[in-house]
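Reader: I would like to go through this model by question and answer. Please keep each reply short and end it on the value or name I ask for.

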Amino acid sequence: MSGSRLNSYVYAEDFVSEPEIAETARRSGEELGATPVGTGAGAALRLLAAASRAQHVVEIGTGAGTSGLWLLAGMPEDGVLTSIELEPEHARAARRAFADAGIPSQRTRVIVGRADEVLPRMTDGAYDMVHVDADTTAYPAYVEHAIRLLRPGGVLALDNMLWHDRVADPAQRDETTRVLRDLGKSLRDDDRLLPALLPVGDGLLAAVKR
């Protein structure tokens, strides 16, 4: 990346100011080892939630609640976020972040458990948006559940789809990079979706279900 492009990337990442509550959650996530979304990706998630008027959102991978706070900020005031998290400590941190932000308890549901066990119990076509930021090697399975859960016109958002600049480099052939690269290509060509790969954060692939 040239110097000017790098400057533009940094400028774009910081274009929207990070709210204090999101910053606190992000720092908590970093301390817990739950890598949070950055400001650029968070702002994009907020935008997607607002543009789709997402009343019912599913998040796979809660972390310490950073992305959840961004999503909730874009959702209607009575919108409900259902977030699935494997690690109980992360889930507790997220619940604290939501409470500290003054978000009514009925607007968030944090489920502690394995996503591959929780997702099959969720209702087809009942959600306006699904955000995936979890175990990258499980993304293909999560995506199939996400497409099933979304209503027509619903939004799919996948974080980490550039994976530390490795996905764009054909020489990088480790398992995670290959999984994400192949998944991106398959979603690009999937007739069920209208996708775009956004160069924010670690790469945010967004798609609308036809």
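Author: This is a predicted model. A starting point is E23, which has a relative accessibility of 26% and therefore counts as partly exposed.

Reader: Which residue meets the side chain of E23 in a salt bridge?

Author: E23 lies in helix α2, which spans residues 20–32. Its partner lies in that helix too, four residues apart, about one turn of the helix. The N to O distance is 2.9 Å, and the partner is R27.

Reader: Is R27 buried or exposed, or in between?

Author: Buried requires under 20% relative accessible area and exposed requires over 50%. R27 has 44%, so it counts as partly exposed.

Reader: With which residue does E30 form a salt bridge?

Author: E30 and its partner both lie in helix α2, four residues apart, about one turn of the helix. E30 is partly exposed because its relative accessibility is 44%. The closest N and O atoms of the pair are 3.3 Å apart, and the partner is R26.

Reader: Does R26 count as buried or exposed?

Author: The cut-off for buried is under 20% relative accessible area. R26 has 17%, so R26 counts as buried.

Reader: Which residue meets R192 in a salt bridge?

Author: R192 is placed in the loop between α8 (175–188) and β6, whereas the partner is in helix α7 (residues 139–149). The two are 48 residues apart, and the pair links distant parts of the chain. The N to O distance is 3.0 Å, and the partner is E144.

Reader: How do R192 and E144 count by accessibility?

Author: R192 has a relative accessibility of 34%, so R192 counts as partly exposed. E144 has a relative accessible area of 42%, so E144 is also partly exposed.

Reader: Which residues are joined into one network by salt bridges that share partners?

Author: The count of salt bridges comes to 11. One of them is the pair of E30 and R26. The network made through shared partners consists of E18, R26 and E30.

Reader: How far from K209 is the nearest side chain of opposite charge?

Author: K209 is buried yet has no salt bridge. A salt bridge needs the nitrogen and the carboxyl oxygen within 4 Å. The nearest side chain of opposite charge belongs to D124, at 7.9 Å.

Reader: Which residue has its backbone oxygen 2.7 Å from a polar atom of the K209 side chain?

Author: Beyond its neighbours within four places in sequence, K209 is in contact with several residues, including R148, L150, R151, R192 and L193. Another residue in that set of contacts is I147. The backbone oxygen at 2.7 Å belongs to I147.

Reader: How many residues of β7 are buried?

Author: Strand β7 covers residues 204–209 and contains K209. The strand is mostly covered, and of its six residues the number buried is five.

Reader: How many bridges join β6 to β7?

Author: Strand β6 spans residues 193–198 and runs antiparallel to β7. A196 stands opposite A206 in β7. The number of bridges joining β6 to β7 is six.

Reader: Which residue in the hairpin of β6 and β7 takes a positive phi?

Author: The hairpin has five residues between the strands. The phi in question is near 55°, and the residue is G201.

Reader: Over how many bridges do β5 and β7 pair?

Author: Strand β5 covers residues 150–158 and pairs with β7 in the antiparallel sense. A157 stands opposite A206 in β7. The number of bridges between β5 and β7 is four.

Reader: What phi does R53 have, as a residue other than glycine?

Author: R53 lies in the loop between α3 (39–51) and β1 (56–60). Its relative accessibility is 63%, so R53 counts as exposed. Its phi is positive, near 45°.

Reader: What phi does H164 have, although not a glycine?

Author: H164 is in the loop between β5 and α8. H164 is exposed because its relative accessible area is 52%. Its phi is positive, about 55°.

Reader: What radius of gyration does the chain have?

Author: The chain contains eight helices and seven strands, and its C-alpha atoms fill a box of roughly 45 × 35 × 30 Å along the principal axes. With 210 residues, a compact globule would have a radius of gyration near 17 Å. The chain agrees with this, at 16 Å.

Methods:
Residues are numbered from 1 along each chain as its sequence is written. This is a predicted model: local features need pLDDT of at least 70, side-chain atom pairs count only at pLDDT 80 or more; totals for chains, interfaces and linings use all residues. Side-chain values use heavy atoms; hydrogens and water are left out. Buried means under 20% relative accessible area, exposed over 50%, partly exposed in between (1.4 Å probe, protein chains only). Lys and Arg count as positive and Asp and Glu as negative; His and the chain ends are not counted. A polar contact is a pair of N or O atoms within 3.5 Å; within protein, one must be able to donate a hydrogen and the other to accept it, and residues adjacent in sequence count only if both atoms are side-chain atoms. Contact means heavy atoms within 4.5 Å. Two strands pair if DSSP finds at least two bridges between them. The radius of gyration is taken over C-alpha atoms; the globule rule is 2.2 Å times the number of residues to the power 0.38.
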